[in-house]
Amino acid sequence: MTETKQITLHRPDDWHVHLRDGQMMQAVLPFTAKQFGRAIVMPNLADPVATSQQAVAYRERIYATLPEGVKFEPLMTAYLTDNTDAKDLAAGFKHGVFCAAKLYPAGATTNSASGVTDIEKLSAVLECMEDIGMPLLVHGEVTDPDIDLFDREHVFIDRVMKPTLNRHQGLKVVFEHITTSAAVDFVRSQGPRIGATITAHHLMINRTDIFKGGIRPHLYCLPVAKREQHRLALREAATSGESQFFLGTDTAPHAISAKEAACGCAGIFTAPAAVELYAQVFDEEHALDKFEAFASLNGPKFYGLAPNAETITLIREAWVVPDSVAVGDGTLVLPFKAGETLNWRLSD
Ligand code: NCD
Ligand code: ZN
């Protein structure tokens, strides 16, 4: 069999990205905008994007930060809180400000302190979303301190996901950044109204990698990587071509000083090599023929959008991921696989 030298596909979208704000956004946005046509922008800024007015302002800041001549569409999300106003949410959705709403269980991850304390309190909001066809994006981890960190996604399925889907039979849900075989099985069992994003790093590392030769703060994210059997289940799901699974990097940049600390932040910065990292995984799995479905078709289909009209080409060619990315304020961010060689490169 001859080796595939290059592949061309509809331009992909990133269905889960943290663009941050200010100088950090200036440093990281060009990477995402260069590769992806659109991205679902996470609302967990230090001051969360909770209202349509805040989303309009944030979207303007993103457009103002885009490099000249780059065509990229940010798809905004609403940060749900115990006090979310269903009317504002629905109006934002109707007017194309919001594409979806994000559920962070309070305390589950970075900037989630104002998240939802009890999903049952959101019943009226979820009913409204169900009526208007607005997708709910879920950070699927319980926050109960008695539940082992590595079990928090699995427990979330039984305690929160199942009852919520039962109460709201018409609600469209994305189970974000899944990390377990239980989540893969669950998503499959629910049919097309539920989708799942899968990150490149969860396809590449398992929990042992986080402790390889010492503690590796740059491999720490939430949900934390799980055992090898789970990584393999994620690889199987992503490369299956099934329409419920799609690309979402969860690229989550933090200054190196915030990661290499006594209490380091969660988040892995994959944006500088996102498409190439995924291409490598699909190549390793002999599934390059399924890459376009995962990266460019399944996500738009779930969200009721057309795939991007333009295409991108990836070439089998070695290149080295940058050692670091400089932020204007003098801090540095470390990309996933910094200094390592990848064998697929996005053609200019
Ligand atoms: C994200 C961040 O830093 O905003 N961190 C992460 O580990 N993924 C938050 C999130 O998506 O959970
Ligand atoms: Zn995220």
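What should the 16 residues of helix H5 (residues 152-167) span at 1.5 Å a residue, and how far apart are its end C-alpha atoms? In this predicted model, the expected span is 22 Å and the end C-alpha atoms are 22 Å apart, so the two values agree. Helix H5 nevertheless bends, by about 35° at Asp 158.

One set of H5 residues is buried: Arg 152, Glu 153, Phe 156, Ile 157, Val 160, Met 161, Thr 164 and Leu 165. An α-helix has 3.6 residues a turn, so residues three or four places apart point the same way. The buried residues of H5 pack against two helices, H4 (123-132) and H6 (181-190). They also pack against strands E6 (136-138), E7 (173-175) and E8 (194-198).

The largest nonpolar core has 89 residues. Phe 175, Phe 291 and Leu 314 have the most contacts inside it. Helix H10 (residues 274-284) supplies the largest share of this core, 7 residues. Apart from this core lies another, of 13 residues, including Ile 40, Val 174, Phe 302 and Tyr 303. Phe 175 touches Glu 153, Ile 157 and Met 161, among others. Its further contacts include Ala 183, Phe 186 and Val 187, as well as Ile 194, Gly 195, Ala 196 and Thr 197.

His 202 lies in helix H7 (residues 200-204). Its relative accessible area is 2%, under the 20% cut-off, so His 202 counts as buried. The His 202 side chain makes a polar contact with the side chain of Thr 199, at 2.8 Å. Beyond its sequence neighbours, His 202 touches residues including Ile 178, Thr 179, Cys 221, Pro 223, Arg 231 and Leu 234.

Key: Residues are numbered from 1 along each chain as its sequence is written. Chains are lettered from A and ligands numbered from 1 in the order in which they are written. This is a predicted model: local features need pLDDT of at least 70, side-chain atom pairs count only at pLDDT 80 or more; totals for chains, interfaces and linings use all residues. Side-chain values use heavy atoms; hydrogens and water are left out. Helices (H or I, at least four residues) and strands (E, at least two) are DSSP runs, numbered from the N terminus. Buried means under 20% relative accessible area, exposed over 50%, partly exposed in between (1.4 Å probe, protein chains only). A polar contact is a pair of N or O atoms within 3.5 Å; within protein, one must be able to donate a hydrogen and the other to accept it, and residues adjacent in sequence count only if both atoms are side-chain atoms. Contact means heavy atoms within 4.5 Å. The expected span of a helix is 1.5 Å times one less than its number of residues. The bend at a residue is the angle between axes fitted to the seven residues ending there and the seven starting there. A nonpolar core is a set of buried Ala, Val, Leu, Ile, Met, Phe, Trp, Tyr and Cys residues joined through side-chain atoms within 4.5 Å.
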